[in-house]
Each structure stands twice: as structure tokens, then as C-alpha cells.
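User: Please examine the structure below with me. I shall put a series of questions and would like each answer to be reasoned briefly.

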Amino acid sequence: MKHGKAYNKASATIDKDTLYKILGPSYLGGKLARIRNEIDRLRPGGQKKAGLDRAEERALEQLEEELLDLEDF
């Protein structure tokens, strides 16, 4: 027991959606905007920027996947 109350371990768990649940739509909107801006930096005008290195290509793929996941959320 903590502080005279029963401690429920399940209620104290944190998952990948905890921050969104706490902050709500304002967090999601900001994260969507940040991801879209980063994608636009790597793929201006919808065309992959010339001279992307391997790390930037992987980052672009990850950003695109994350954007799809957030839009589905």
C-alpha cells in the first residue's frame, strides 16, 4: 500500500499512447505538423530530394510510416 491506498500496478503503466491521452488532440496536431515538415524537407514538392544519403532515406521511410499511423489514429 502506498499512502494508505491500494496500489494498482496496471493503472500505473505507460504505453506509446499515454502522452496523447494526457494532452489530447493538441499533441497529435503538433506531431503531425512536425512530421509533415520533416517529410517536406526530405521530399520537397513531393519529389525525393536529390542526393539523399542512406540515413535520410531510412528516416523518410520511417516518417512516412509514422505519418500514416498517426493519421489512422
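User: Which residues form the negative surface patch?

Analyst: The model is predicted. In patches of this kind, like charges are joined within 9 Å, and Asp and Glu count as negative. The residues that form the negative surface patch are Asp53, Glu57, Glu61, Glu65, Asp69 and Asp72.

User: Is Glu61 buried, partly exposed or exposed?

Analyst: Glu61 is one of the residues of the negative patch, and its place is in helix α3, which covers residues 54–72. Buried requires under 20% relative accessible area and exposed over 50%. Because its relative accessibility is 46%, Glu61 counts as partly exposed.

User: Which residues make the nonpolar surface patch of about 290 Å²?

Analyst: One member has its place in helix α1, residues 18–23. That residue, Leu19, has a relative accessible area of 40% and is therefore partly exposed. The nonpolar patch is made by Leu19, Ile22 and Leu23.

User: What pattern does the protein chain follow along the sequence?

Analyst: The secondary structure comes to three helices. Strands number zero. Read along the sequence, the chain follows the pattern α-α-α.

User: What percentage of the residues in the protein chain is buried?

Analyst: The accessible surface of the chain comes to about 6000 Å², and carbon and sulfur atoms account for 52% of that surface. A residue is buried when its relative accessible area is under 20%. Of the 73 residues in the chain, the buried share is 16%.

User: Among contacts between residues at least 6 apart in sequence, what percentage joins residues at least 24 apart?

Analyst: One residue with contacts of this kind is Leu70, which touches Leu28, Lys31, Leu32 and Ile35 when neighbours within four places are left aside. Leu70 and Lys31 are 39 residues apart in sequence. For the chain, the share of such contacts joining residues at least 24 apart is 51%.

User: Is Leu42 buried or exposed?

Analyst: Leu42 lies in helix α2, which covers residues 25–42. Beyond its neighbours within four places in sequence, Leu42 is in contact with Lys48, Lys49, Leu52, Glu56, Ala59, Leu60 and Leu63. With a relative accessible area of 1%, Leu42 is therefore buried.

User: How many Å apart in space are Leu42 and Glu56, C-alpha to C-alpha?

Analyst: Glu56 is among the contacts of Leu42. The two residues are 14 residues apart in sequence. Their C-alpha to C-alpha separation in space is 7.4 Å.

User: How many salt bridges does the structure hold?

Analyst: One of them joins the side chains of Lys31 and Glu66, and another joins those of Arg36 and Glu71. Glu38 also forms a salt bridge, with Arg41. The number held by the structure is four.

User: How many residues apart are Lys31 and Glu66?

Analyst: The side chains of Lys31 and Glu66 meet in a salt bridge at 3.2 Å, N to O. The pair links distant parts of the chain, with Lys31 in helix α2 and Glu66 in helix α3, and their separation in sequence is 35 residues.

User: Which helices hold Arg36 and Glu71?

Analyst: Arg36 has a relative accessible area of 38% and is therefore partly exposed; Glu71, at 42%, is partly exposed. Their side chains meet in a salt bridge at 3.0 Å, N to O. This pair ties together parts that are 35 residues apart in sequence, because Arg36 lies in helix α2 and Glu71 in helix α3.

User: How many Å apart are the closest N and O atoms of the salt bridge between Glu38 and Arg41?

Analyst: Glu38 and Arg41 both lie in helix α2, three residues apart, about one turn of the helix. Glu38 is partly exposed, with a relative accessible area of 27%, and Arg41 counts as partly exposed at 41%. The closest N and O atoms of the pair are separated by 2.6 Å.

User: Is Leu70 buried or exposed?

Analyst: The place of Leu70 is in helix α3. Its C-alpha lies 8.6 Å from that of Lys31, a residue with which Leu70 is in contact. The cut-off for burial is under 20% relative accessible area, and Leu70, at 15% relative accessibility, therefore counts as buried.

Notes. Residues are numbered from 1 along each chain as its sequence is written. This is a predicted model: local features need pLDDT of at least 70, side-chain atom pairs count only at pLDDT 80 or more; totals for chains, interfaces and linings use all residues. Side-chain values use heavy atoms; hydrogens and water are left out. Patches are made of residues with over 30% relative accessible area and no salt bridge: like charges are joined within 9 Å, nonpolar side chains (Val, Leu, Ile, Met, Phe, Trp, Tyr) within 5 Å. Accessible areas come from the Shrake-Rupley method with a 1.4 Å probe; for residues, only the protein chains shown count as cover. The place of a charge is taken as NZ of Lys, CZ of Arg, CG of Asp or CD of Glu. Helices (H or I, at least four residues) and strands (E, at least two) are DSSP runs, numbered from the N terminus. Buried means under 20% relative accessible area, exposed over 50%, partly exposed in between (1.4 Å probe, protein chains only). Contact means heavy atoms within 4.5 Å.
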